[in-house]
Structures are given as C-alpha cells and as structure tokens.
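Reader: Could you take me through one part of this protein in detail? I'd like a close look at a single sheet and whatever packs on it.

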Amino acid sequence: MLKTLAESEERFRQIAESIDDVFWMATTDRSTMLYVSPAYERVWQSRLHHLYESPKSWMDSILDEDRPAILQANEPNLRQGWTVEYRIRRPDGSVRWILDRAFPVFDAQGEVIRIVGVARDVTEQKEAENNLLIALDQVQRSNRELEDFAYVASHDLQEPLRKIKVFSDRLDARSDEFDEKGRDYLSRISRSAERMQTLIRDLLGYSRVATRAEAMRQVSLDQILTDVLNDLEVAIGDAQASIERSPLPVVTGDPRQLQQLMQNLLENALKFRRPKTASRIRVFSRSERTSVQILVEDNGIGIDEEFVERIFRPFQRLHGKGEYPGSGIGLAIVKKIADRHGAQIEVLPTPGGGATFCVTFARAGG
C-alpha cells in the first residue's frame, strides 16, 4: 500500500514539475502552502522557499489595481472554486498576466479539506488579443473614414455635375447652330454626365448602407417582395418577365436595406436576360434548423464560375456598357447589406443556365 502511494505521489510530482503552468496546493485558509511546482520560480522570478515560508508572499507582486479582483475571487464559498486574472510585476520590472484557477478538494464526508489550483502565464495571449483589438479598431476606423469620404466626395460632386448637365441641356436646345461634330461632342458630354450621375447615386447608396442604417427588427420578407414587385412593375412589363413567388419567412433586419437587397437582386435578374428569350424569375425560400435561405433564380445569361467572387466587388463589370447599362455596384450593395445582417450571399449552380443568388439569414429570434 505504501509502495503504491509512493508511486502515485512520484507520478504526480513528475507531471506537476514537467508542465509550464504553476500547480499549487494550499490549506483552505491559504495559511500554508502544501505544494507549489517549480514553474513558480520561472513565472514569478521568486524562490520557492520564500513562498513556503510566507504563503501569501506571491501576492506582493500583484499590481495594486488588480488586488481587488483577487480578494473578490477568494470571497465566494470554497466549494465553488474560482477563476481570476491579474497582473504581476517581477523583480526585473516586467509585467506578466496570470490566469489563476482554483478548485476545492473534498474528503469522504464532503467537506473541503484543501484548495488546489493552476496559475498560467497568459501574457502572450493577452498581447495577441490586444493587438487584434487594436487592428480591428483600426480597420473599423478606416472603414468609417472611407465611408465618410465616399459620402462627402459623391455629395460634393453633385453640384458641379448639375451645372454641367444644365449647360449641356441649354446647348442642346441650340444644337441646330452646331455642325455634326459639335452635336456629337455635345451628345458625348450629356451621356458622360448621365453616367457620372449614376455612379454618384450608386456610390452614395453604397456608403449609406453603413451611414444611414436603421435599427434591426422583425421584417416580413414576403411583404418586402410584394412592395418591390410593385415598384418594378414597369421594368417587369418591359422585360416581359414572369415572376414566380413562394411564401417568404420573417427575419431580423433593417427593413429599408432588406428592400434594397431584394430590389437589387430582382433588377439584376431583369437586366441580364437572354436576348429573344422570355425572362422567368423565381423567388422562394428554404428552411434549415437555424437558418433560412432566400433564393432568386433566373434563366438569364448566367455567370461563369471564375467570376462569382468578383461580381460582389464595387464597380466590377463583366460586360461592356453598351450591352448592359449600370455602374456595377448593385451586387456590391447587396453584399454589404448581407454582411451587416450577418447573412451569407452566394451564387449557386443553376441547371439549364441562368443564375441563382442565395442569401442565408439566421432564423428570427434564433
């Protein structure tokens, strides 16, 4: 029996002394240290015999502002144990973060007879977390600055562009005074001004996804689709498109932005239709346990697999301006709205050609 006990103690000591964490064992009132692993000397840069002689000397190195956390952690019932983080200043002046976990040890009658714990040096982890937070803050600040710049730049461009348009319209009223080359120049000025107006309007729309966001609430996508179809009634008629719809679910979101998302997807399906082919668009949903998918399927020209990521970037165009009008920012707005809602958007393979855009939302209230 004694031999077995000695072997167990030896195995415990080998394990405790081989790990980088500080393993400790103390009486319930912490007045006596029963065991502290050698890692204490490396982490605290203090001799073990000092700790055995003065069991609370380990607290001398704790930063003053972190001492209340230690006292508060020790106050709860010993039966619960505790976890606490604090900083220590070592003799060389360096500061280290410590994660300390304590657990009660019970006797056969269920009484706490000692406390054991593991103290881990988590300085590198805390520094990595802090660096990540700093980097995240810098990214968010840069995004806000870019959004503000986009809004201000596009807003400030409106006025000079308006003047260009006004004066080109005045010149157009006197176009009979120009020769053919002059009328061609005037026509080019007018078309360029119109394209610039479209770009500015779409750039404003892109920046407003963040700058003019509304509070999230429960939104009926079925009602959103009805409103969008009413708004696009003329465009649907011009394209001679047939729309097939199925009931859509309720999701948590920004109503105005979700309407913009649905409208952009439908406008995209209406725009990129096959020549001399009746446009058919289907809007439906699929349910999963924790999510719902909204799908917009069309029989249009489709998207080559190599371009499926590129189409969600601002001002990306896969076709010439003469083939299909627009600024190439509609799907970028869809992607940005989806990101704000924690949703995922992707292009799915569509049998028989065409394209299917799928937006996956978390279930409302899930």
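Author: Here is the sheet, after a few words on the chain around it. This is a predicted model, where local features need pLDDT of at least 70, side-chain atom pairs count only at pLDDT 80 or more, and totals for chains, interfaces and linings use all residues. Residues are numbered from 1 along each chain as its sequence is written, and side-chain values use heavy atoms, with hydrogens and water left out.

The protein chain holds ten helices and twelve strands; these are DSSP runs numbered from the N terminus, with helices being H or I of at least four residues and strands E of at least two. Of its 366 residues, 35% count as buried, meaning under 20% relative accessible area with a 1.4 Å probe, protein chains only.

Now for the sheet: it's open, has five strands in the order β7-β9-β10-β12-β11, and its pairing is mixed. Two strands pair if DSSP finds at least two bridges between them. At the edges sit β7 (242–245) and β11 (344–348), each pairing on one side only. From one strand to the next, the twist averages 15 degrees, using axes that are lines fitted to C-alpha atoms and angles from 0 to 180 degrees between N-to-C directions.

Zoom in on β9 (residues 280–287) and β10 (residues 291–298): they run antiparallel, joined by seven bridges. One pairing to click on is Phe 284, whose bridge partner in β10 is Leu 295.

Helix α7 (residues 221–231) packs on this sheet and touches β7, β9, β10 and β12 (356–362), a contact being heavy atoms within 4.5 Å. The direction of α7 makes about 170 degrees with that of β7, the helix axis being fitted over the stretch in contact.

Methods. Buried means under 20% relative accessible area, exposed over 50%, partly exposed in between (1.4 Å probe, protein chains only).
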